[in-house]
Amino acid sequence: MSNCNPSVFRPPTLEGAVVQSLSAQLVTNYSRQVTPVYYPNHDGIQVNNASFCNVTVSYTHQDQNDPVSVETWLPVDNWNGRLQAAGGSGLGPGRFDMSYGNMAGSITEGYATSSTDAGITNPLDPYSWVLDGPGKINEVLVRHWGGDVLNDMAIVAKSVIQDFYGMPAAYSYFNGCSQGGRQGFELAQKHPTAFDGIAASAPAIHWAQWAPAMFWPQMLMNVMGEYPHGCELDLLTALAIQECDGHDGVVDGIISNPEACSLDPFQYVGTNFTCRFEGKSMELSRAAAVIANATWSGPTDSDGNFIWYGLNYGTDLSSDATGMGIAATACNNSECRGNPIPLAYQWIQLFVEKNPNYDYNTITRKDYDDIMRRSGAELDSIVASSNPDLTEFYQAGGKMMTYHGLYDQVIPIQATRQYYDDIREFVPEVQDFYRFYEVPGLAHCFGNGQPTTVFDALRAWVENGTVPSSLPSTLVDAYGRKSNRVICPYPESVVFLEDCGNSTDAACFTCATI
């Protein structure tokens, strides 16, 4: 296409920054299978032979030597007049595989799309960019990662859209989950006019708390010198489901009302069972009960005071079900050791201790108290995206939607719920611009029960004023039955209509405040 040429585009105007380069490349015959893992808030989609203009703008801020690149994909033949920017994942702000999957889904549906690397060229290796010498974080890059260049992305994307199509985007959206969810909240809080609609799910908005909190059960195991087999934790999870499954009126192997659930794991210590992975008999240890109970309860300090939220009953603790569990161990025959999620110990090593060689396996109970305290005290001002005052976003007419799985195994849903409640203190009419959905059975961001119509509902709300209510959700229960359900805008919960009788039919569910 003739206008996919650098000469077509003017250097975007960015406050306090200088554009260093602008490239434009026509991409044709682009194909990719995009699953919902890569395209949160949407269903999966097949990309076949797409054509788009890839415009990459690189710039730096004065006296910071911080080259930042924003990559924007402009559909050649099927632009729908809208922008859908893509969020990041993990410690990656954008412009890597997860974001590219998000962008691929966007162009296939006709959206122009954009992503920023925040100046971080190797997001999968935090050891390469977090520190700026011994004992010192690279504050420029960490602040960029935290979100201070997100508005630049919006400005750049809108500028190249105007130049390429000869008109502005009629509507602008942001789409993400986890890190991408946090970025969405950062935009709503600090750049309330950047986007008309924000889909921000399972948001990591309290990063300085939940990241080191993921190490809580690993620290306890190290202190005890005991590492329960994953099968022991799976047994306790199964017992919790058995105890609490029916509290929502449906026996389906899923705890839909974890607030009503409780289980004393210590009563099962000494129970004999067969480990399904190894096919051998085991006895439930007291250590397994301690770790499960602590993971459900959440981190406390040495005096037993609350530090952060725990995970819901039914959540995967061992990683056996989802491949990611904060209490995971790795076992060889009868010997097990801790197997922490890398992001948990990387946060402690790099962001808190500022020492890439810090031995996280030696953390004591007192050390952990100090780590949790310093993480918030030193880093909240840089990475927190949890300011509940969304007054300006509301007054600007913005709309936002969030889903969060009740089985999220890394970011406790209770923090998102508390954040939503806190917004009411500033905007009592929170339901007029923000809807939050709790999803039974869903782990972190994707998997069983993942909602796939959130973004469509957001767009209808922004453009047509169609206020979202219940949304469809499909899951496979513990018995292999495919069930069509609904999810409800908080504070409402899903209620099964027993007179209807069919727990696989969405018509048999409604929303109500319990």
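# Briefing: fold, disulfides and helix 13

The chain contains 13 helices and 17 strands. The model is predicted. The points below start with the chain as a whole, then turn to three disulfides and to one helix.

**Overall form**

- The chain has 514 residues, and a compact globule of that length would have a radius of gyration near 24 Å. The chain has 23 Å, which agrees with a compact globule.
- Along the principal axes, the C-alpha atoms fill a box of roughly 75 × 65 × 45 Å.
- Of the 514 residues, 58% are buried.
- Among contacts with a separation of 6 or more, 67% are between residues 24 or more positions apart.

**Surface and charge**

- About 20,000 Å² of the chain is exposed, and carbon and sulfur atoms supply 46% of this area.
- There are 56 negative side chains and 26 positive side chains. The centres of these two sets lie 3 Å apart.

**Disulfide Cys177 to Cys445**

- The chain has 7 disulfides, and one of them joins Cys177 to Cys445, with an S to S distance of 2.1 Å.
- The torsion about this S-S bond is about -105°, so the link between Cys177 and Cys445 is left-handed.
- Cys177 belongs to strand 6 (residues 171-177), while Cys445 sits in the loop between strand 13 (434-439) and helix 13 (454-464). The pair therefore ties together parts that are 268 residues apart in sequence.
- Residues under 20% relative accessible area count as buried. Cys177 has 6%, so Cys177 is buried. Cys445 has 9%, so Cys445 is buried too.

**Disulfide Cys231 to Cys275**

- Cys231 and Cys275 also form a disulfide, with their sulfur atoms 2.0 Å apart.
- The torsion about the S-S bond is about 40°, so the disulfide of Cys231 and Cys275 is right-handed.
- Cys231 is in helix 7 (residues 230-244) and Cys275 is in strand 8 (residues 272-275), so the disulfide ties together parts that are 44 residues apart in sequence.
- Cys231 and Cys275 are both buried.

**Disulfide Cys500 to Cys508**

- A further disulfide is formed by Cys500 and Cys508, whose sulfur atoms are 1.8 Å apart.
- The link of Cys500 and Cys508 is left-handed, with -55° about the S-S bond.
- Cys500 has a relative accessible area of 40%, so Cys500 is partly exposed. Cys508 has a relative accessible area of 1%, so Cys508 is buried.

**Helix 13**

- The buried residues of helix 13 are Val454, Phe455, Ala457, Leu458, Trp461 and Glu463.
- An α-helix has 3.6 residues a turn, so residues three or four places apart point the same way.
- The buried residues of helix 13 pack against several strands, including strand 4 (82-86), strand 7 (197-201), strand 12 (399-405) and strand 14 (471-476). Strand 6 and strand 13 are also among the strands they pack against. Strand 6 is the strand that holds Cys177.
- Gly465, just after helix 13, takes a positive phi of about 75°.

Technical notes
Residues numbered from 1 in each chain as written. Predicted model: local features only at pLDDT ≥ 70, side-chain atom pairs only at ≥ 80, totals over all residues. Heavy atoms only, no water. Helix = DSSP H or I, 4+ residues; strand = E, 2+ residues; numbered from the N terminus. Rg over C-alpha atoms; globule rule 2.2 N^0.38 Å. Buried < 20%, exposed > 50% of the residue type's maximum accessible area, 1.4 Å probe, protein only. Contact = heavy atoms within 4.5 Å. Areas by Shrake-Rupley, 256 points an atom, 1.4 Å probe, with all protein chains shown as cover. Lys, Arg positive; Asp, Glu negative; His and termini not counted. Charge placed at Lys NZ, Arg CZ, Asp CG, Glu CD. Disulfide = S-S within 2.5 Å.
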